[in-house]
Amino acid sequence: MLRATQLTLFLCSLLLSALVPSAASAQDAPVAQPETYKFSLGASVGMTGYLGDANETSLFGKPGFGGNISFRYLANTRWAIHAIVGMSSLSGSTADMENVLPGIEPFDFKSTVYDAQCRYELNFFNYGIGEGYKRLMRFTPYIAAGLGVSVASNSSGSAAALSLPIAAGVKYKLRERLNLSLEFSMTKLFGDKADDARLADPYMIKSSFLKNTDWYSALLISISYEFGKRCVACNRQD
């Protein structure tokens, strides 16, 4: 009986000695983390609108086409620096207005605006997939604002002006590196020739940096792809 008990204890000790190192190894092994990336490239298309002397009320009264290509530096899961190069087609008509502009016959205009912008972009939530300890979410609203330069081309020639873009939208991460977003933006031009030079001062009020200026809006859908692996080392577990 004693020998059987001793044999049983011996076998148990062998089993424990085999299991303990394995458990320790599992405890010490680093947890694999999903890849994260520092940059993204994207493209957008959608509808544009104009607000100015030839349209004072309706954002998309005479809708046009807009598109851009963009580059983001993804600082972290909450914010990014967003550089954009794009174009927007704008149109309007003074004949559609109840207000009659002094000394100007009714006319239509069409313009193409080319712009370059740099924005600061802030996500409402930590945006991403995986990394549970960061409480990442595949969906987030966001806001953005920045500065830019716009060049408008129309029948009266070309004119350049500084611009102030303001945007709000939503993002959804389709896959680890693929993003889909919908954005509405308003861009204030610090100039009054995006529609036509003849509308630069229709009320005979001297223009300034802030008044007698044009705006254009855009509703765009975009897709972007992330690249440039970020080095992440974290062994924390939930």
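Two strands pair if DSSP finds at least two bridges between them. The model examined here is predicted. In this model, strand 7 (residues 178-189) and strand 8 pair over 11 bridges. The sense of this pairing is antiparallel. Within strand 8, Ser217 stands opposite Met186.

The pairing of these strands belongs to a wider arrangement. Eight strands make a closed barrel. Their order is 1-2-3-4-5-6-7-8, and the pairing is antiparallel. From one strand to the next, the twist averages 25°.

Aromatic rings were examined next. A pair of aromatic rings is described by the distance of the centres and the angle of the planes. Across the whole structure, the search finds five aromatic pairs. One of them joins Phe39 and Tyr73. The ring centres of Phe39 and Tyr73 lie 6.1 Å apart. Their planes meet at 45°, so the pair is tilted. Planes under 30 degrees apart would count as stacked, and planes over 60 as edge-to-face. Phe39 belongs to strand 1 (residues 36-51), while Tyr73 belongs to strand 2 (residues 64-74). The pair therefore ties together parts that are 34 residues apart in sequence.

Both residues of this pair have an intermediate accessibility class. Phe39 has a relative accessibility of 23% and counts as partly exposed. Tyr73, with a relative accessible area of 36%, is also partly exposed. The class applies because each value falls between the limits of 20% for buried and 50% for exposed.

Phe39 has a further aromatic partner, Phe227. Here the ring centres are 5.6 Å apart. The planes lie at 35°, so this pair is tilted too. Phe227 is in strand 8 (residues 215-230), and Phe39 is in strand 1. The contact therefore ties together parts that are 188 residues apart in sequence. Phe227 is partly exposed, at a relative accessible area of 28%. Phe39, Tyr73 and Phe227 join Phe71 in one aromatic cluster.

A charged side chain also meets aromatic rings. Lys171 lies over the face of Tyr127, at 5.5 Å from the ring centre. Lys171 lies over the face of Tyr142 as well, and there the distance from the ring centre is 5.0 Å.

Attention then turned to Arg119. Arg119 has its place in strand 4 (residues 108-123). The relative accessible area of Arg119 is 5%, so this residue is buried. Beyond its neighbours within four places in sequence, Arg119 is in contact with several residues, including Ala80, Ile81, His82 and Ile84. Ala144, Ala145 and Gly146 are also among them. So are Pro165, Ala167, Glu183 and Ser185. Arg119 and Ile84 are 35 residues apart in sequence. In space, their C-alpha atoms are 8.2 Å apart. With Glu183, Arg119 makes a polar contact of 3.0 Å between side chains.

Asn154 offers another buried polar case. Asn154 is found in strand 5 (residues 139-154). Its relative accessibility is 12%, so Asn154 counts as buried. The side chains of Asn154 and Ser111 are joined by a polar contact of 3.0 Å.

Terms used
Residues numbered from 1 in each chain as written. Predicted model: local features only at pLDDT ≥ 70, side-chain atom pairs only at ≥ 80, totals over all residues. Heavy atoms only, no water. Phe/Tyr/Trp six-rings, centres within 6.5 Å; stacked < 30°, edge-to-face > 60°. Helix = DSSP H or I, 4+ residues; strand = E, 2+ residues; numbered from the N terminus. Buried < 20%, exposed > 50% of the residue type's maximum accessible area, 1.4 Å probe, protein only. Lys NZ or Arg CZ within 6 Å of the ring centre and 35° of its normal. Contact = heavy atoms within 4.5 Å. Polar contact = N/O pair within 3.5 Å; in protein donor to acceptor, adjacent residues only side chain to side chain. Axes fitted to C-alpha atoms, helices over the stretch in contact; angles between N-to-C directions.
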